[in-house]
Amino acid sequence: MKGYCIIIFACLLSPLGVVSELPIIEYKSIHHPVISKTGMVVSQREIASKVGAEILRKGGNAVDAAVATGLALAVVLPRAGNIGGGGFMLVYLKDLDKTIAIDYREKAPKAAYRDLFLDEKGNYDRKKAQFSLLSAGVPGTVAGLHLALIKYGTMSWEEVIEPAITLAKDGFPIPHDLANILASENYKKRLTSTAAGSKSFYKKGLKNYVAGEILIQKDLAWSLGQLKDFGPKAFYEGEIAKKIVQEMKKNGGLITLQDLKNYRPVEREPVKGTYRGYDIISMPPASSGGIHLIQMLNMLEQFPLKDLGFGSAKTIHLMAEVMKRAYSDRSKHLGDMDFYAVPFGLMNKDYASKLNEKISIDQVTPSKDINPGDPYPYESPDTTHFSVMDKYGNVVSNTYTLNFSYGSGIVIPGTGMLINNEMDDFSSKPGVPNGYGLLGSEANSIQGDKRPLSSMTPTIIFKDKNPYFVLGSPGGSRIITTVLQVALNVMEHDMNIAQAVNSPRMHHQWLPEVLMLEDGFSPDTIEILEDKGYQIYPSRTMGSVQAIVKEGDYFYGAADPRRPDSGAVAP
Ligand code: DON
């Protein structure tokens, strides 16, 4: 592992003056990944990583382990793990030497329309867009995970879903952060807005669970049991579908049985780029993540970031300038490519050079002076992430979500399932930001059957044509910049994977015109940036990266300490 450890077989003079011949391990970094030779699963809940690692131990491949982990997260990480949401999965298959992108993003119900979230006065109605049944897209997770398993896994659906059923039926000890968030005023109000939510997440009389108590989710166990017995049909046509549609009809949602029956995940060609000899493979639209990751890497490749140093004011400034341009382009050019001709020329290296011409190392470009560009024609071709690598050489990079933590906060009665509020990822009105402050335009307007634009960026990076690095993150609009920085920390700043994940992050998204900084940058650096004219916004933690690096025979896993109870687990 790059600069990770140097084993020095040295003679050591002990305090007693006796010469010892024990090897001394000298570490360059205080951050330590989990190391294994047999594979690795990294997710935002160690208990779910263990489920995946057990599948690998039994001889399953990365896809088997990823699907089992995803289903387990739906139980143990209710804020983001889900069956009522959607996401994106990259699968690298060693035998075919090929990466497949599975888009299982939610779709707008057929009856959705452009002004769905505008009130009589034409104003964006936040409550409708984020916390009502109208905010729900047709969920894709069940169909997406099933497709991945059937086509690229080796184990049966029944086998990989079983651990999730056990966790829902027998329960699991509630970690501190889950107990705290469920007890917090905001979330308690949201999650008890339905009797089904109160039943799922609170004790009798709406009493809070205390950390360490066991959370049993009977209704969710029933739903997972239906999925085990009848496969995705239970969700899209059978008993679960009926419950979803019944609730939609009763409380003003749009999803119909036909919408559910029509839902299909799509296999797409991933987007590809390069960075100083590394090959970058990431998610195409309906996510904006891959395109803008590659666009920003193309721009940054032209600056000597390594010499400027991690976390220096100059590096942060250049990154912010690049981010502003990418997010400005996103606001105009990105949407579901099945509905809108996304200009893939955004990933062209010459386009990056053209954008770079306007970047100065000394001057901050005000956001008002940055407008979406005209990309060149294309010449070549509370979310959670988990990463899996197996001993056979296969890799899975998966990000999925309900959108906000706990989605719309609405549990579909009888299912124990939180329903997403992904419709807010559409642009409801030009010039009006969504829940992540993101702007959009025609490309991402609401239309029936269309997928709302995402920022999710599951990514696999190749070195010498072999899978080297797998990563991704939650974080709404900050997902793309989070993945960018962790990738650069390894590729550019020579950090080991744990240090790369742990190091402080920054973010700029063009509008609002603020530079967000996590804790951990030096006051001197912040002062230089303020003097340059940046408005600094001290941010809470950004993202939660679950990553693995494979070097030689070893897998190095790092789970983000920004989320308690995340875990890298070896089989
Ligand atoms: O698809 C998207 O870009 C958003 N729905 C992701 C939301 C998210 O990451 C929330 N988690 N922190």
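In the classes used here, Ala, Val, Leu, Ile, Met, Phe, Trp, Tyr, Cys and Pro count as nonpolar, Asp, Glu, Lys and Arg as charged, and the others, Gly among them, as polar. By this scheme the lining of the second largest pocket has 1 nonpolar, 3 polar and 4 charged residues. The structure is a predicted model.

The residues that line the second largest pocket are R126, K127, F131, N186, K189, R190, S193 and S408. Because Phe counts as nonpolar and Lys and Arg as charged, F131 is the nonpolar member of this lining, and R126, K127, K189 and R190 are the charged ones. The polar class is then made up of N186, S193 and S408. Two helices, α3 (126–131) and α7 (185–191), each supply at least two residues of the lining. The volume of the second largest pocket is about 310 Å³.

The ligand occupies a separate site, in that the space it takes is the largest cavity. This cavity holds about 170 Å³ of space. Its lining consists of 22 residues, and those nearest the centre of the cavity are D425, Y436, L453, S454 and S455. By class, the lining of the largest cavity comprises 7 nonpolar, 11 polar and 4 charged residues.

Around the ligand itself there is a shell of 14 residues, with D382, T383, E422, D425 and G476 the closest. This shell divides into 4 nonpolar, 6 polar and 4 charged residues. D425 is thus named both among the residues closest to the ligand and among those nearest the centre of the largest cavity.

Polar contacts to the ligand involve both side-chain and backbone atoms of the protein. In the side chain of E422, an N or O atom is 2.7 Å from a nitrogen atom of the ligand. For S455, a backbone N or O atom lies 2.7 Å from an oxygen atom of the ligand. A polar backbone atom of G476 is likewise 2.7 Å from an oxygen atom of the ligand. The ligand taken alone exposes 340 Å², and 95% of that is buried by the protein.

Backbone geometry was also examined. A cis peptide bond runs from P285 to A286, with omega near 20°. A286 belongs to the loop between β13 (278–282) and α13 (289–300). A cis peptide bond also joins L511 and P512, where omega is about 0°. The loop that contains P512 lies between β20 (506–507) and β21 (515–517). R276 is not a glycine, yet has a positive phi of about 40°. This residue is located in the loop between β12 (271–275) and β13.

Methods:
Residues numbered from 1 in each chain as written. Predicted model: local features only at pLDDT ≥ 70, side-chain atom pairs only at ≥ 80, totals over all residues. Heavy atoms only, no water. Near = heavy atom within 4 Å. Polar contact = N/O pair within 3.5 Å; in protein donor to acceptor, adjacent residues only side chain to side chain. Areas by Shrake-Rupley, 256 points an atom, 1.4 Å probe, with all protein chains shown as cover. 1 Å grid on protein atoms, 1.4 Å probe; cavity = no way out; pocket = protein on both sides within 12 Å on 5 of 7 lines; lining within 4 Å. Sits in = over half its atoms within 2 Å of the grid points. Points joined across faces, edges and corners; volume = space filled by probe spheres on them. Helix = DSSP H or I, 4+ residues; strand = E, 2+ residues; numbered from the N terminus.
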